[in-house]
Amino acid sequence: AVERALRRASSAAGATLLNVDLHCFTPNGGITGVAVLAESHISIHTWPECAYAAIDIFMCGDAKPHKAVEVLRHAFSPATLTISEHKRGVMP
């Protein structure tokens, strides 16, 4: 499910997916995964014992990271979602 969500989020954002790598942790079932993109990456780190996941979406070029957010929101149905946006390379 996590790999499928990363692939769909990459596609929805118009990003070029290069590779998906996942690691499952035992015994808690946590997952760390990254979708490596030509435009940067999407990563996820989960803590099932805390019902928590952290997702980072870094993209440049014409990719649309907010579209990836919507796919991931639909895939995981979080009770709470906090978004913090940081624009790279933007000078004040």
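Below, a trainee and a mentor talk through helix α1, the nonpolar core and two strand residues in a predicted model.

Mentor: Ground rules before we start: this model is predicted, so local features need pLDDT of at least 70, side-chain atom pairs count only at pLDDT 80 or more, and totals for chains, interfaces and linings use all residues. Residues are numbered from 1 along each chain as its sequence is written, and side-chain values use heavy atoms, with hydrogens and water left out.

Trainee: Which residues of helix α1 are buried?

Mentor: Buried means under 20% relative accessible area, exposed over 50%, and partly exposed in between (1.4 Å probe, protein chains only). Helices (H or I, at least four residues) and strands (E, at least two) are DSSP runs, numbered from the N terminus. In α1, which covers residues 2–12, the buried ones are Val2, Ala5, Leu6, Ala9 and Ser10.

Trainee: Why do they line one face of the helix?

Mentor: An α-helix has 3.6 residues a turn, so residues three or four places apart point the same way. The exposed Arg8 and Ser11 sit on the face turned away from the buried side of α1. Looking down the axis of α1, and taking directions from that axis to the C-beta atoms, the buried residues line one face because they fall within an arc of 130°.

Trainee: What do the buried residues of α1 pack against?

Mentor: Contact here means heavy atoms within 4.5 Å. Take Leu6: leaving aside neighbours within four places in sequence, its contacts include Val20, Leu22 and Ile42. For the buried residues of α1, the packing partners are β1 (17–24), β2 (31–37), β3 (40–47) and α2 (65–76).

Trainee: Which element gives the largest share of the largest nonpolar core?

Mentor: A nonpolar core is a set of buried Ala, Val, Leu, Ile, Met, Phe, Trp, Tyr and Cys residues joined through side-chain atoms within 4.5 Å. The largest one has 16 residues, and Leu6, Ala35, Leu37, Ile42, Met59 and Ala68 have the most contacts inside it. Two or more residues come from each of α1, β2, β3 and α2. The largest share is four residues, and it comes from α1.

Trainee: Is Ser43 buried or exposed?

Mentor: Ser43 lies in strand β3. Not counting residues up to four places away in sequence, Ser43 touches Gly33, Val34, Ala54, Ile55 and Asp56. Its relative accessible area is 8%, so Ser43 is buried.

Trainee: What is the relative accessible area of Ile55?

Mentor: Ile55 belongs to strand β4 (residues 52–59). Beyond four places in sequence, Ile55 touches Ile42, Ser43, Ile44, Leu72 and Phe76. Ile55 is partly exposed, with a relative accessible area of 33%.
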